[in-house]
Amino acid sequence: IYAVAPHMVNKKMQPLLIRAAKGQVKPHSVHHVGEELIYVLEGELKVHVGNVEYLLKPGESVYFDSIND
């Protein structure tokens, strides 16, 4: 996980670059007040938002309220 803008002050979002290898990412949930934006640069990423599953490919994204399961 790499912080994209770690020295910015008064920011309203925390952009991160996450590199993940297939089979090395454990299922987990994100719950906090705010929103999430996931954008895939390369490879594929399976994302569950509520009861919906997305298979994201390069250039695709999903944006959601992070209070969802």
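This tour moves through the structure one selection at a time, from the whole chain to single residues.

**The whole chain**

Begin with the entire protein chain, bearing in mind that the model is predicted. The secondary structure amounts to six strands and zero helices, and the pattern read along the sequence is β-β-β-β-β-β. Display the C-alpha atoms alone: along the principal axes they fill a box of roughly 35 × 25 × 20 Å. The chain has 69 residues, of which 10% count as buried. Among the contacts with a separation of 6 or more, 32% are between residues 24 or more positions apart.

**N10, in the loop between β1 and β2**

Select N10, which lies in the loop between β1 (2-3) and β2. Is N10 buried or exposed? N10 is exposed, because its relative accessible area is 76%, and the cut-off for that class is over 50%. Inspect the backbone here as well: the phi of N10 is near 55 degrees, a positive value in a residue other than glycine. In general, most residues other than glycine have a negative phi. Then add A20 to the selection and draw a C-alpha to C-alpha distance from N10; the two are 10 residues apart in sequence and 29 Å apart in space.

**The hairpin of β4 and β5**

Next, select residues 45-49, strand β4, together with residues 52-56, strand β5. The two strands run antiparallel and are joined by five bridges. One pairing to pick out is that of L45, whose bridge partner in β5 is L56.

Now centre the view on G50, in the loop between β4 and β5. Two residues lie between the strands of this hairpin, and G50 takes a positive phi near 65 degrees. G50 is partly exposed, because its relative accessible area of 34% falls between the limits of 20% and 50%. For a sense of position, add E35: G50 and E35 are 15 residues apart in sequence, and their C-alpha atoms are 14 Å apart.

**L56, in strand β5**

Move along to L56, which lies in strand β5. L56 is buried, because its relative accessible area is 4%, and buried means under 20%. Which residues does L56 touch, not counting those up to four places away in sequence? They are I38, V40, G43, E44, L45, V47, S61 and V62. By contrast, select V33, 23 residues from L56 along the chain: the C-alpha atoms of this pair are separated by 24 Å.

**The largest nonpolar core**

Keep L56 selected and add V40, V47, V49, V62 and F64; together these six residues make up the largest nonpolar core. Strands β4 and β6 are the elements that give two or more residues to this core.

Within this group, turn to V47. Leaving aside its neighbours within four places in sequence, V47 is in contact with I38, V52, E53, Y54, L56 and V62. L56 and V62 are thus two core members that V47 contacts.

**The largest pocket**

Finally, display the largest pocket, which holds about 2,000 Å³ of space. Its lining comprises 44 residues, and those closest to the centre are I18, H28, I38, L45 and V47. The elements that give two or more residues to the lining are β2 (16-17), β3 (35-39), β4 and β6 (61-65). Colour the lining by class to see 23 nonpolar, 11 polar and 10 charged residues.

Two of the central lining residues have appeared earlier on the tour. L45 is among those closest to the pocket centre and is the bridge partner of L56. V47 is also among those closest to the centre, and V47 belongs to the largest nonpolar core.

Note on methods:
Residues numbered from 1 in each chain as written. Predicted model: local features only at pLDDT ≥ 70, side-chain atom pairs only at ≥ 80, totals over all residues. Heavy atoms only, no water. Pairing = 2+ DSSP bridges. Helix = DSSP H or I, 4+ residues; strand = E, 2+ residues; numbered from the N terminus. 1 Å grid on protein atoms, 1.4 Å probe; cavity = no way out; pocket = protein on both sides within 12 Å on 5 of 7 lines; lining within 4 Å. Points joined across faces, edges and corners; volume = space filled by probe spheres on them. Nonpolar A, V, L, I, M, F, W, Y, C, P; charged D, E, K, R; others polar. Core = buried A, V, L, I, M, F, W, Y, C linked by side-chain atoms within 4.5 Å. Buried < 20%, exposed > 50% of the residue type's maximum accessible area, 1.4 Å probe, protein only. Contact = heavy atoms within 4.5 Å.
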